[in-house]
Amino acid sequence: MDGPPPLVEARGGVALPGAARAVERALVLLLGVLMLLIVGLNVANVAGRYLLSRPVPAADEIMTFAMVWGVFLGAAVVTLRGTHLTMDLIVGLLPPVARRAADIAASLALLLVLGFVALQSLDYIEVIGSIGLTSMAAGLPMAWVHAAIPVGFGLMAVAALLRLFGRRA
C-alpha cells in the first residue's frame, strides 16, 4: 500500500507518483497550519480589542497575507488533484481520444498562462524588493507577500505537468 488515498479523487484517472502525494499532504498540512494561525490570530485580536481594549498590532494585515499564501498554495493542491472548477459539458460528450486531446490542449494553455504570470510576478518582486517596500502595519517585506504568486503558480505548473504526463489509471 502506498499510503492513504487522496482526500479528493483526482479527475481524469491520473495515477500520480508517491512524491506528488507526499507534496500534496505537506501542502495540505501547511494550509491547515495557516488556517489555524489565521483563526488563532483573529480570536486573539477580537479578545484583545473587546476585552482588553488592546488589539493585536498588524493582525488584520498578517491574516490577509497568510490567506493570500493559502489561496496560492491551495490552488496548487487543487491543480494536483484535478479538481478545479471546469466547464466540461461539451468535452464530456467527446469520444475518449478527442477528450484526451482537449485535456492536453487545456493543460498546455494552463501551462502558458502559469508560466507567463509567474515570470511577470518575479519581475515585480525584483522591483519591490529593490526599493525595500514593506507592509504598512507589520513592516513585512512585500516581496515575501508577493512571492506567493510565483511559488503558487510554479507549484501549479509542476502539478499540471504531473497530471499531463502522469500514468493513466
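Helices in this account are DSSP runs of H or I with at least four residues, numbered from the N terminus. The model described here is predicted. Under that numbering, helix 1 covers residues 18-51, and Leu29 has its place within this helix.

Leu29 also introduces the surface of the structure. Together with Leu30 and Val33, Leu29 forms a nonpolar patch on the surface, and the three residues share about 280 Å² of accessible area. Leu29 has a relative accessibility of 58% and therefore counts as exposed, since the term applies over 50%.

The interior may be considered next. The largest nonpolar core contains 21 residues, and those with the most contacts inside it are Leu27, Met63, Leu111, Leu114, Phe153 and Met156. At least two residues of this core come from each of helix 1, helix 2, helix 4 (96-130) and helix 6. Helix 2 gives the most, with 8 residues. Met156 illustrates the packing: with its neighbours within four places in sequence left aside, Met156 is in contact with Ala75, Ala76, Thr79 and Leu114. A second core, of 7 residues, is separate, and among its members are Ile125, Met142, Val145 and Ala147.

Phe153 leads on to the aromatic residues. A pair of aromatic rings is described by the distance of the centres and the angle of the planes. Here the count comes to 1 aromatic pair. The ring centres of Phe72 and Phe153 lie 5.7 Å apart and the ring planes stand at 50 degrees, so the pair is classed as tilted; planes under 30 degrees apart would count as stacked, and those over 60 as edge-to-face. Because Phe72 lies in helix 2 (residues 59-81) and Phe153 in helix 6 (residues 148-165), the pair ties together parts that are 81 residues apart in sequence. Phe72 and Phe153 are both buried.

The loop between helix 1 and helix 2 deserves separate attention for its backbone. Most residues other than glycine have a negative phi. Ser53, however, has a phi near 55 degrees, a positive value in a residue that is not glycine, and Ser53 lies in the loop between helix 1 and helix 2. Ala58 lies in the loop between these two helices as well, and its phi is also positive, at about 65 degrees, although Ala58 is not a glycine. How do these residues stand with respect to burial? Ser53 has 62% relative accessibility and so counts as exposed. Ala58 has 18% relative accessibility and therefore counts as buried, the limit for that term being under 20%.

Key:
Residues numbered from 1 in each chain as written. Predicted model: local features only at pLDDT ≥ 70, side-chain atom pairs only at ≥ 80, totals over all residues. Heavy atoms only, no water. Patch = residues over 30% accessible without salt bridge, like charges linked within 9 Å, V, L, I, M, F, W, Y side chains within 5 Å. Areas by Shrake-Rupley, 256 points an atom, 1.4 Å probe, with all protein chains shown as cover. Salt bridge = Lys/Arg side-chain N within 4 Å of Asp/Glu carboxyl O. Buried < 20%, exposed > 50% of the residue type's maximum accessible area, 1.4 Å probe, protein only. Phe/Tyr/Trp six-rings, centres within 6.5 Å; stacked < 30°, edge-to-face > 60°. Core = buried A, V, L, I, M, F, W, Y, C linked by side-chain atoms within 4.5 Å. Contact = heavy atoms within 4.5 Å.
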